[in-house]
Amino acid sequence: MRERRMVELAQALAVAKSRQDVPAALRLFHPGMLLEVPAFGTTARGPAADEKALRRFFVSFPDYGVTLEGSASDGDSLVCWGTARLTMTGDRFGVRPDGSRTVLPVFIRFTFRDDLIASERFFFDLSVLCAGAGVSTDAVRRTLFPGGSGAERNVR
């Protein structure tokens, strides 16, 4: 797939997600789409799981918006970087955020299949998100990764 088309798909997804337009986002996804957010330890694969993950994310961050500022491709995958602006709400992460809006550097790795997005791996610094929301990173990590930090569980 040409890099230009990959960037178009990534930009279209950024717009759909910034509008919390789940149906528009899902139309860009391959049926076997894999969504991953390593900072949260979450993965979702397939239309039903992807829809549930997106809706859950938008409940936690109802004003989410992302701007993609650059990209690089190896011909098979695309990495984009940019800025997300969002406000953590609710108690999903075991804490009560203070309502502050956070500006968060992000980078996203995409793969593609059949002219659709086949995977999205969304990276950001959990500590920056937590600091911006006025909550303890340690408390959030205890909720997300009971029994360990996540990284500790992967070390052998």
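Start by selecting G134, which sits just after helix α4 and takes a positive phi of about 70°. As you explore, keep in mind that this is a predicted model.

**Stop 1: helix α4**

From G134, step back and select residues 126-133, which form helix α4. Colour L126, L129, C130 and A133, the buried residues of this helix. Now turn the view until you look down the axis of α4: the buried residues fall within an arc of 95°, so they line one face of the helix.

What should you show next to see the cover over that buried face? Select β4 (77-87), β5, β6 and α5, which are included in what covers the buried residues of α4.

Before leaving, go to the N-terminal end of α4. Which residue caps it? Select D125: one of its side-chain oxygens lies 2.8 Å from the backbone nitrogen of S127, and in this way D125 caps that end of the helix.

**Stop 2: R142 on helix α5**

Helix α5 has just come up as part of the cover, so select residues 137-144 to display it, and pick out R142 within it. Is R142 buried or exposed? Its relative accessible area is 57%, and because exposed means over 50%, R142 counts as exposed. Add G94 to the selection too. R142 and G94 are 48 residues apart along the chain, yet their C-alpha atoms are separated by 8.3 Å.

**Stop 3: two residues of helix α3**

Move on to helix α3, residues 47-60. Select A48, which belongs to this helix, and then S60, which is found in α3 as well. Which of these is buried and which is exposed? A48 is exposed, with a relative accessible area of 61%, whereas S60 is buried, with a value of 2%.

Stay with S60 and show its surroundings. Setting aside neighbours within four places in sequence, S60 is in contact with T87, M88, T89, R92 and F93. With R92 there is a polar contact between the side chains, at 3.3 Å.

For a sense of distance, draw a line from A48 back to C130, one of the buried residues of α4. A48 and C130 are 82 residues apart in sequence, and their C-alpha atoms are 29 Å apart in space.

**Stop 4: the largest pocket**

Now turn on a surface and look for the largest pocket, which holds about 320 Å³ of space. To find its centre, select V37, T42, A53, L54 and F57, which lie nearest to it among the 18 lining residues.

Which elements build the lining? β1 (29-37), β2 (42-45), α3 and β6 (116-124) each supply at least two residues. Helix α3 gives the most, with 6 residues. Try colouring the lining of this pocket by class: you will see 10 nonpolar, 2 polar and 6 charged residues.

**Stop 5: the largest cavity**

Finish inside the protein. The count comes to 1 cavity of 30 Å³ or more, and about 40 Å³ of space lies in the largest cavity. Select A10, L13, A14, K17, Y64, V66, L68, I108, F110 and E120 to display its lining.

Three elements are worth colouring here: α1 (3-18), β3 (65-73) and β5 (101-113) each supply at least two lining residues. The most comes from α1, with 4 residues. By class, the lining of this cavity divides into 8 nonpolar, no polar and 2 charged residues.

Terms used
Residues are numbered from 1 along each chain as its sequence is written. This is a predicted model: local features need pLDDT of at least 70, side-chain atom pairs count only at pLDDT 80 or more; totals for chains, interfaces and linings use all residues. Side-chain values use heavy atoms; hydrogens and water are left out. Buried means under 20% relative accessible area, exposed over 50%, partly exposed in between (1.4 Å probe, protein chains only). On a 1 Å grid over the protein atoms alone, a cavity is a set of points where a 1.4 Å probe fits but cannot get out, and a pocket is an open set with protein on both sides within 12 Å along at least five of seven lines; lining residues have an atom within 4 Å of a point. Grid points are joined across faces, edges and corners, and a volume is the space filled by probe spheres set on the points. Ala, Val, Leu, Ile, Met, Phe, Trp, Tyr, Cys and Pro count as nonpolar, Asp, Glu, Lys and Arg as charged, and the others, Gly among them, as polar. The arc is that of the directions from the helix axis to the C-beta atoms. Contact means heavy atoms within 4.5 Å. A polar contact is a pair of N or O atoms within 3.5 Å; within protein, one must be able to donate a hydrogen and the other to accept it, and residues adjacent in sequence count only if both atoms are side-chain atoms.
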